[in-house]
Amino acid sequence: MLLSRTSVLALVASAGLAVLSACGASDTPAQQPAPVEEPEVQAETAEEEHTEDADAHEGETEAEDHDHDHDHEASGAGVAHVHGVGDLALSWEGSKLTGELISPLANFGLSEAEGVISDAVLAELPGLVMITGGNCVAEPPVAKVDKSSGHTDAHVDLAWNCAAPSGVSSVTFSGFTAFSSFERVNAIYLTDAVQKAGELSPSSPSLSLK
Ligand SMILES: [Zn+2]
């Protein structure tokens, strides 16, 4: 956010208002209402700046081997919107283990423009995250769409009622099979006594909670 604001300011300073219309509100086309007499130079400048900007994003994307068509800095919420990556946080409320998965909607094979979680995806959510040990019974997951970051993320609330909480030994992200766009899930587990974090992947989908 800071970066892009700075660069927009810099561009405005160096190239004039034409750039503002090119790099400002995303819905604004890079055309300008100026008369046809003299804007040739100005228009070229705007086009150049815009192209450079797009190239920079593309390079960043390719370097990370992700399939992106928009920028993906987190806007202060603490979780970056990066296609292929999800974040899973687990903690206890008494004998209930709770979890929240935050993921770009695209990881579920869904359109972020439409922002709708399909019935087919909803049907897969109960198998998304599995807990081993503890005699836990899962509650039905609750999923919602969050566009507050400027991107479209899915928030999936998870909960397990565990008869033997101390017996819980690991968590597994099982969604790599159903949703092949997931490349990794950053998992954290926080209790009063234990803090665990791990990067889950299709070849290593589990995190020990012991
Ligand atoms: Zn996205």
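The legends below describe close-up views of a predicted model.

**View 1. Strand S2 and its two neighbours, S1 and S6.**
Strand S1 (residues 85-93) pairs with S2 in the antiparallel sense through seven bridges. S1 and S2 form a hairpin, with two residues between them. Gly94, in the turn, has a positive phi of about 65°. Within the pairing of these strands, Leu88 stands opposite Leu101 in S2. S2 is also joined to strand S6 (residues 153-162), by nine bridges, and these two run antiparallel. Here Ile102 is placed opposite His155 in S6. Seven of the nine residues of S2 are buried, so this strand is largely enclosed by the rest of the structure. In general, strands of a sheet pair through backbone hydrogen bonds, either parallel or antiparallel.

**View 2. Thr98 in strand S2.**
Thr98 belongs to strand S2, which covers residues 96-104. Is Thr98 buried or exposed? Its relative accessible area is 14%, and because buried means under 20%, Thr98 counts as buried. Leaving aside neighbours within four places in sequence, Thr98 is in contact with Ala89, Leu90, Ser91 and Glu93. Leu158, Ala159 and Trp160 are also in contact with Thr98.

**View 3. The largest nonpolar core, with Leu101.**
The largest nonpolar core has 30 residues. Those with the most contacts inside this core are Leu88, Leu101, Phe108 and Phe173. S1, S2, S3, S6, S7 and strand S8 (184-190) each supply at least two residues of the core. S6 gives the most, with five residues. Apart from its neighbours within four places in sequence, Leu101 is in contact with ten residues named here: Asp87, Leu88, Phe108, Leu128, Ala154, His155, Val156, Phe173, Phe182 and Val185. In soluble globular proteins, nonpolar side chains tend to be buried together.

**View 4. Strand S8 between S1 and S9.**
S1 and S8 run parallel and are joined by seven bridges. The bridge partner of Ala89 in S8 is Ile188. S8 is joined to strand S9 (residues 195-200) by six bridges, and these two strands run antiparallel. Val185 stands opposite Leu200 in S9. S8 and S9 form a hairpin with four residues between them. Which side chains of S8 point to the buried face? Val185, Ala187 and Tyr189 point to one face and are buried. Arg184, Asn186, Ile188 and Leu190 point to the other face and are not buried. In a regular strand, the side chains alternate between the two faces of the sheet.

**View 5. Asn107 in the loop after S2.**
Asn107 is found in the loop between S2 and helix H4 (119-124). Its relative accessibility is 1%, so Asn107 counts as buried. The side chain of Asn107 reaches the backbone oxygen of Val85 at 3.1 Å. Leaving aside neighbours within four places in sequence, the residues in contact with Asn107 are His83, Gly84, Val85, Gly86, Phe179, Ser181 and Phe182. Asn107 and Phe176 are 69 residues apart in sequence, and their C-alpha atoms are 9.7 Å apart in space.

**View 6. The disulfide of Cys136 and Cys162.**
How many disulfides does a search of the whole structure find? The search finds one, and this disulfide joins Cys136 to Cys162 with an S to S distance of 2.1 Å. The link is right-handed, with 110° about the S-S bond. Cys136 lies in strand S4 (residues 136-138) and Cys162 in strand S6, so the pair ties together parts that are 26 residues apart in sequence. Cys136 is partly exposed, at 22% relative accessibility, whereas Cys162 is buried, at 5%.

**View 7. The open sheet of S3, S7 and S10.**
Three strands form an open sheet in the order S3-S7-S10, with antiparallel pairing. The edge strands are S3 (129-132) and S10 (206-208), each of which pairs on one side only. On average, neighbouring strands of this sheet are turned by 20° against each other, direction ignored. Strand S7 (residues 170-173) is joined to S10 by three bridges. The bridge partner of Thr172 in S10 is Ser206.

How values were computed. Residues numbered from 1 in each chain as written. Predicted model: local features only at pLDDT ≥ 70, side-chain atom pairs only at ≥ 80, totals over all residues. Heavy atoms only, no water. Buried < 20%, exposed > 50% of the residue type's maximum accessible area, 1.4 Å probe, protein only. Contact = heavy atoms within 4.5 Å. Pairing = 2+ DSSP bridges. Axes fitted to C-alpha atoms, helices over the stretch in contact; angles between N-to-C directions. Disulfide = S-S within 2.5 Å. Core = buried A, V, L, I, M, F, W, Y, C linked by side-chain atoms within 4.5 Å. Polar contact = N/O pair within 3.5 Å; in protein donor to acceptor, adjacent residues only side chain to side chain.
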